[in-house]
Amino acid sequence: MSGAAPDARRAFLLVVPALALLVAFFVLPYFSIIIMSFREPATQGVHGGGFTLANYVSAVGDTFILRKLGETMLLGVGVTVITLLLGYPVAYHLARMRSRWNGLLYTFILAPLLVGLVVRTFGWMIILSNGGVANQALSWLGIIDDPLRLMNNYVGVTIALAHVLLPFLILPLLANIQAINPEVETAARSLGASRWRAFWRVTLPLSMPGIQAGAILVFVLSISAYVTPAMLGGGSGRTMSVLVVQYLVENFRWPAGAALAIILAVAAIVTVALFFALTHRVTRKLP
Amino acid sequence: MSELRLNAVRKRFGNLEVLKAIDLTVANGEFVSLLGPSGCGKTTTLRCIAGFEFPADGQILFDGVDLTQTAPEKRDIGMVFQSYALFPHLTVQENLSFGLEMRNIPEPERKRRIADVLGMVQLVGFEERFPRELSGGQQQRVALARALVIEPSVLLLDEPLANLDAALRDDMRFFIRDLQQRVGITAIYVTHDQSEAIVMSDRIVVMFDGEIAQVGSPKEIHDRPISKRVAEFVGKSNFLKGKVESRRTDGAVMLAAEIGPIHATAPATTSAGDTVECLLRPESMRTGALDGLENQFPARVEDIIFLGNSVSVHLTIGGGHRILALLPADFLAVPGDEVHIGFSAANVWCLP
Ligand SMILES: Nc1ncnc2c1ncn2[C@@H]1O[C@H](COP(=O)(O)OP(=O)(O)OP(=O)(O)O)[C@@H](O)[C@H]1O
Ligand SMILES: [Mg+2]
């Protein structure tokens, strides 16, 4: 009886460092951004004296901002869908096959994370530019006459983000699929399900927690990415994150930039919540 | 319900020949066990029958129809796994419904059949539970119900009791056997537990290293094994070496054994003059009233282990030969005592 309270206190002590870190590096900065977003803009100094809703009102009323917000969300969804389609089979293969190629496959998956962000993005510029490797190869094969515009729009940003974020989808999914008893698929087939139906009715619902974890990571990371869209997006492929930095650094409009950042965060939370609601039905029954 | 036939089925994984020409016929409604040590190919045989592995060679026939290369979902089998393999995201009802939905059986009939089968496995009232909310034994019964509700022609079970504790395992043996008899389904049961195979099966297939060593009734396998290896695998054994002195046409032989002259039984291949090794099961030894037993020897008790319902006794007979006897628990002796033991000629089996 008397053991419960000291135990709980000791357990609490264990989380104190993590909690302190969280407050110092996550909650406080967010808090200051929220406050900043309600400050009055100013030309002399970071912000004016009073508080106002004007930053939000003007952002929400600005069709350019709204369009950028929509495009950013679409980019996030696009990258998530692409990584999911590419990553699921890889995760499944790694989880289920005993192959000597698995080690090599792991290396390939993690490779994008081992190269520095700027270097990797330069690599994509070399490949995707108008005179780049991709266009040269395609025209040499006779598939295209004029170079495709793969850079300075969302195409390049999507490709490069999908490349670097693929491991964030594969790794949680891999752990999830590894934890599924492979015999449940065998059982489904013994009960008359084709390979495809066994996957659809059994494996896919059971791997939904992994899909959720991976998809949310990829989505959040792609809408908040800065370097990749800044280097590959050009003018038309500018995302909200690029815009926010532009506001803060180039135009020195801190309150307005903060409001954009908060709007982006809220939109992300709403999208993730929607995604959860959609997939909830499947995961509800999982242990 | 149907008859199953394996014709010279071979299977290899890389360089490893896992099944070497397996021939087997299982009659309609028969309960056959595949018994053998770990790695002998029992699961592989079952997976070939189910269609999860395809033999390199040979045929698998269901009621005379060659289904060797047919996909598992088109084979009309029911399967029970050691891990149960219940669908964790579905309730008991939904687990049972799965196979029926795959067969496009309409809802009212699905409901009726599920209720019937749940009655058979004594799980009425558990429809809405998830597998994680059931005990191991209950999960096992759901797995059984899920395989039976689709009314397959063959039921395949791969060590279904291996994860249960000893007492429950004993109950489930009879439960499964009884259920199989009531449904009248052809069943193939994989196990490496000889006592399980003996109490449950109509016939036992003993496998070693991808080959069938012997096929026979539990009694044949137990009392008339074809080799020392089968004898040792199927139960505790004493082996007596000797030379056949004379042989009658009914198989009764006189043996000059190391422990002295004994009456024994031999297969047709054994003739006078052969040197043989005989199997004497510990449980076929008697003390006390020895009337009518052809072989009687004085013996000295070395040690006694109390097993609850019986005692395991080490004896020395015939000048220093140690031999193991399994005797009723009322055997009252202490190490050092001289006793008389006896065993019938029918229980001394000369290995071919
Ligand atoms: N997919 C596979 N790839 C390679 N070798 C395999 C594969 N499946 C089984 N084997 C090998 O085939 C042999 C027979 O395996 P099997 O699973 O049939 O044995 P078992 O009799 O069921 O054994 P246990 O009692 O341990 O379950 C083993 O040596 C095993 O290592
Ligand atoms: Mg096995």
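The following paragraphs describe the two chains of this predicted model, the contact between them, and the surroundings of ligand 1.

Chain A is a good place to start. Its secondary structure consists of 13 helices and zero strands, and the pattern read along the sequence is accordingly α-α-α-α-α-α-α-α-α-α-α-α-α. Taken along the principal axes, the C-alpha atoms of chain A fill a box of roughly 80 × 75 × 35 Å. The chain has 287 residues, and 34% of them are buried. Among contacts in chain A with a separation of 6 or more, 71% join residues that are 24 or more positions apart.

One residue of chain A gives a handy local view. S207(A) sits in the loop between helix 9 (195-206) and helix 10 (208-224) of chain A. Is S207(A) buried or exposed? S207(A) counts as buried, because it has 24 C-beta neighbours inside 10 Å, where 20 or more are needed. Once neighbours within four places in sequence are left aside, the contacts of S207(A) are L173(A), N176(A), I177(A) and I180(A). L138(A), by comparison, is 69 residues away from S207(A) along the chain, and the two C-alpha atoms are separated by 37 Å.

Chain B mixes both kinds of element, with eight helices and 20 strands. Its C-alpha trace spans about 75 × 45 × 35 Å along the principal axes. Of its 352 residues, 40% count as buried. In chain B, residues 24 or more positions apart make up 65% of the contacts with a separation of 6 or more.

The two chains meet in a contact that takes 21 residues from chain B and 18 residues from chain A. On the side of chain B that touches chain A, strand 6 (77-80) and helix 2 (92-102) of chain B each supply at least two residues. By class, that side of chain B divides into 14 nonpolar, four polar and three charged residues.

Ligand 1 has its neighbours in chain B. The residues around it are F13(B), V18(B), G36(B), S38(B), G39(B), C40(B), G41(B), K42(B), T43(B), T44(B) and H192(B). Which element gives the most to this shell? That element is helix 1 (residues 42-50) of chain B, with three residues. The shell around ligand 1 comprises three nonpolar, seven polar and one charged residues.

Helix 5 (residues 166-183) of chain B can be followed in some detail. At 1.5 Å a residue, its 18 residues should span 26 Å, and the end C-alpha atoms are indeed 26 Å apart, so the expected and modelled spans agree. The buried residues of helix 5 of chain B are M172(B), R173(B), I176(B), L179(B) and Q180(B). Seen down the helix axis, these buried residues fall within an arc of 150°, and therefore they line one face of the helix. The face turned away from this buried side carries the exposed residues A167(B), D171(B), F174(B), D178(B) and R182(B). As for packing partners, the buried residues of helix 5 of chain B pack against strand 3 (31-35), helix 3 (107-120), helix 4 (136-149), strand 7 (154-158), strand 8 (186-191) and helix 6 (194-200) of chain B. Helix 5 of chain B is followed by G184(B), which has a positive phi, near 75°.

Further along chain B, five strands form an open antiparallel sheet in the order 15-19-16-17-18. Strand 15 (286-287) and strand 18 (321-328) of chain B stand at the edges; each has a single partner strand, so one side of each is left without a neighbour in the sheet. Within this sheet, strand 16 (residues 295-306) and strand 17 (residues 310-317) of chain B pair in the antiparallel sense over seven bridges. In this region V301(B) stands opposite L315(B), a residue of strand 17 of chain B.

The loop between strand 15 and strand 16 of chain B holds E294(B). With 17 other C-beta atoms within 10 Å, E294(B) is partly exposed. Where sequence and space part ways is in the pair E294(B) and S344(B): they are 50 residues apart in sequence, yet their C-alpha atoms are 5.3 Å apart in space. S344(B) is also one of the residues that E294(B) touches, along with H263(B) and A345(B), when residues up to four places away in sequence are not counted.

Notes: Residues are numbered from 1 along each chain as its sequence is written. Chains are lettered from A and ligands numbered from 1 in the order in which they are written. This is a predicted model: local features need pLDDT of at least 70, side-chain atom pairs count only at pLDDT 80 or more; totals for chains, interfaces and linings use all residues. Helices (H or I, at least four residues) and strands (E, at least two) are DSSP runs, numbered from the N terminus. A residue is buried if 20 or more other C-beta atoms lie within 10 Å of its own, exposed if 12 or fewer, and partly exposed in between; C-beta atoms are placed from the backbone. Two residues are in contact if their C-beta atoms, placed from the backbone, lie within 7 Å. Two strands pair if DSSP finds at least two bridges between them. Ala, Val, Leu, Ile, Met, Phe, Trp, Tyr, Cys and Pro count as nonpolar, Asp, Glu, Lys and Arg as charged, and the others, Gly among them, as polar. A residue is near a molecule or strand if its C-beta atom, placed from the backbone, lies within 6 Å of it. The expected span of a helix is 1.5 Å times one less than its number of residues. The arc is that of the directions from the helix axis to the C-beta atoms.
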